[in-house]
Amino acid sequence: MQFYVEPDNPDRDLGGLCECFVSKTEGERTVAHAHVHRCFELLYCLEGSYELMIERRTFALNQGDVALIHPMEPHQTRTLEKSVSSYLVLKFTPEALYSVNQPVYEMKYMFPYLHFSGQHSYVYTKEQLEGSRMGELLACILQERQGETYGYEMAVRAYIGQVLLWFIRAWHRQGESDAIDDRTLFRLRAALSYIEEHLDEEISCGDVAAHLDMGVSTFSRFFAKAAGDSFPAYVRAMRLSRATALLVDSDKSITEIALETGFSTASYFILCFRKKYKMTPAQFRGLYTSGGKTIPSRNQS
């Protein structure tokens with residue numbers, strides 16, 4: 001699959017929280033060419049039917065079905081009807097709803113889903129959504145977002161939380177998550193907070209272990225089990241995530257971004273970035289001003 005990088009839209013974006021609108025198309029044609037972006041995107045089919053391609057998999061999206069696409073997953077949509085088709089689009093950033101500083105009772109549910117849901121379902125049918133109030137919740141988000149009445153930001157955030165909760169529970173029912181006890185979560189949150197605060201510095205497993213008053217080997221095993229990834233891999237992923245934001249939102253040089261996100265050298269930063277995204281940081285940045293230039297998907301051989 002070929003794709004382009006879709007830039008954030010600050011004019012329609014609610015302070016980093018969401019954008020919500022209805023897309024209506026008449027006739028059989030491509031609605032959205034293959035692209036990626038840094039937010040979650042939910043598509044709720046209101047009428048007609050679509051062919052939805054995510055990564056290299058193809059799905060049908062019919063009236064009453066919903067699809068949830070995770071950040072940086074290449075996807076595209078095409079209508080299958082000669083008449084009118086429409087879907088509600090909801091885009092939101094995970095950072096707007098989740099942080100390591102939120103209450104532990106929320107973190108224990110959101111953290112596993114946002115970090116461990118690599119094998120998740122993309123599309124849920126109308127039958128699977130029965131009793132979910134999904135259509136009602138999305139209609140409320142659209143109404144609040146468009147009306148912008150007093151306190152609408154709070155309402156939108158609350159409704160998105162309910163929508164996300166439904167997906168978290170659906171994922172849990174599929175047996176994809178293990179329960180995390182409160183003690184583990186308190187330790188993990190402390191570790192992630194420390195990493196976030198020192199991401200632009202040289203940070204080692206020993207530094208965080210000492211911060212938690214744990215031995216290095218004990219902490220290393222604890223982190224790998226609790227976070228689902230090794231300490232070095234997690235830190236590298238967080239640095240790359242922060243780097244992609246700086247590539248888009250700033251005019252800093254590649255070297256400046258590399259150093260600001262904790263990479264020892266620009267060349268090592270470029271190497272890690274290319275390994276994950278199958279392109280250089282400069283190419284990634286260029287896609288935001290290239291007018292839709294396409295590049296190979298990171299899953300393409």
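**Exercise 1. Glu 148 and Asp 213**

Task: Decide whether Glu 148 is buried, partly exposed or exposed in this predicted model, and then do the same for Asp 213.

Solution.
Step 1. The relative accessibility of Glu 148 is 45%. Buried means under 20% and exposed means over 50%, with partly exposed in between. Glu 148 therefore counts as partly exposed.
Step 2. Locate Glu 148 in the chain: it lies in the loop between helix 3 and helix 4. Its phi is near 50°, a positive value in a residue other than glycine.
Step 3. Turn to Asp 213, whose relative accessible area is 73%. Asp 213 is therefore exposed.
Step 4. Asp 213 also sits in a loop, the one between helix 6 (205-211) and helix 7. Phi of Asp 213 is near 60°, again a positive value in a residue other than glycine.

**Exercise 2. The helices on either side of the Glu 148 loop**

Task: Describe how helix 3 (residues 134-147) and helix 4 (residues 152-173) pack.

Solution.
Step 1. Two packed helices are described by the angle between their axes and the distance between the axes.
Step 2. For helix 3 and helix 4 the angle is about 155°, and the axes are 9 Å apart.
Step 3. Angles over 145 degrees count as roughly antiparallel. Helix 3 and helix 4 are therefore roughly antiparallel to each other.
Step 4. The crossing of helix 3 and helix 4 is left-handed.
Step 5. List the contact. Helix 3 contributes Met 134, Leu 137, Leu 138, Cys 140, Ile 141, Glu 144 and Arg 145. Helix 4 contributes Tyr 152, Ala 155, Val 156, Tyr 159, Ile 160, Gln 162, Val 163, Trp 166 and Phe 167.
Step 6. Sort the residues of this contact by type: 13 are nonpolar, 1 is polar and 2 are charged.

**Exercise 3. A second helix pair**

Task: Find how helix 5 (residues 182-197) is oriented relative to helix 7 (residues 216-227).

Solution.
Step 1. The axes of helix 5 and helix 7 cross at roughly 100° and come within 11 Å.
Step 2. An angle from 65 to 115 degrees counts as roughly perpendicular. Helix 5 is therefore roughly perpendicular to helix 7.
Step 3. From helix 5, the contact takes in Thr 184, Arg 187, Leu 188, Ala 191, Leu 192 and Ile 195. From helix 7, it takes in Phe 219, Phe 222, Phe 223, Ala 226 and Ala 227.
Step 4. By type, the contact of helix 5 with helix 7 holds 9 nonpolar residues, 1 polar and 1 charged.

**Exercise 4. Building the sheet**

Task: Work out the strand order of the open sheet of 5 strands and say which strands stand at its edges.

Solution.
Step 1. Begin with strand 2 (residues 18-26), which pairs with strand 9 in the antiparallel sense over 9 bridges. Cys 18 is opposite Phe 92 in strand 9.
Step 2. Strand 9 is also joined to strand 4 (residues 40-47), by 7 antiparallel bridges. Here Glu 41 stands opposite Lys 91.
Step 3. Strand 4 pairs with strand 7 over 4 bridges, in the antiparallel sense. Glu 41 has Ile 69 as its bridge partner in strand 7.
Step 4. Strand 7 (residues 66-69) runs antiparallel to strand 10, and 2 bridges join them. Ala 67 has Val 123 as its bridge partner in strand 10.
Step 5. The order is 2-9-4-7-10, with antiparallel pairing. Strand 2 and strand 10 (123-124) each have a single partner strand, so they stand at the edges with one side lacking a neighbour in the sheet.

**Exercise 5. What surrounds the sheet strands**

Task: State how enclosed strand 9 is, which way the side chains of strand 7 point, and which strands helix 3 lies across.

Solution.
Step 1. In strand 9 (residues 84-92), 8 of the 9 residues are buried, so this strand is largely enclosed by the rest of the structure.
Step 2. In a regular strand the side chains alternate between the two faces of the sheet. In strand 7, Val 66 and Leu 68 point one way, Ala 67 and Ile 69 point the other way, and all are buried.
Step 3. Helix 3 lies across strand 2, strand 4 and strand 9, and runs at about 105° to strand 2.

**Exercise 6. The whole chain**

Task: How many helices and strands does the protein chain have, and what share of its residues is buried?

Solution.
Step 1. The chain has 11 helices and 11 strands.
Step 2. Of its 301 residues, 49% are buried.
Step 3. Among contacts between residues at least 6 apart in sequence, 74% join residues at least 24 apart.

Terms used:
Residues are numbered from 1 along each chain as its sequence is written. This is a predicted model: local features need pLDDT of at least 70, side-chain atom pairs count only at pLDDT 80 or more; totals for chains, interfaces and linings use all residues. Side-chain values use heavy atoms; hydrogens and water are left out. Axes are lines fitted to C-alpha atoms, for helices over the stretch in contact, and angles run from 0 to 180 degrees between N-to-C directions. Helices (H or I, at least four residues) and strands (E, at least two) are DSSP runs, numbered from the N terminus. Angles under 35 degrees count as roughly parallel, over 145 as roughly antiparallel, 65 to 115 as roughly perpendicular and the rest as oblique. A crossing is left-handed if the near helix is turned anticlockwise from the far one by less than a right angle, and right-handed if clockwise. Contact means heavy atoms within 4.5 Å. Ala, Val, Leu, Ile, Met, Phe, Trp, Tyr, Cys and Pro count as nonpolar, Asp, Glu, Lys and Arg as charged, and the others, Gly among them, as polar. Buried means under 20% relative accessible area, exposed over 50%, partly exposed in between (1.4 Å probe, protein chains only). Two strands pair if DSSP finds at least two bridges between them.
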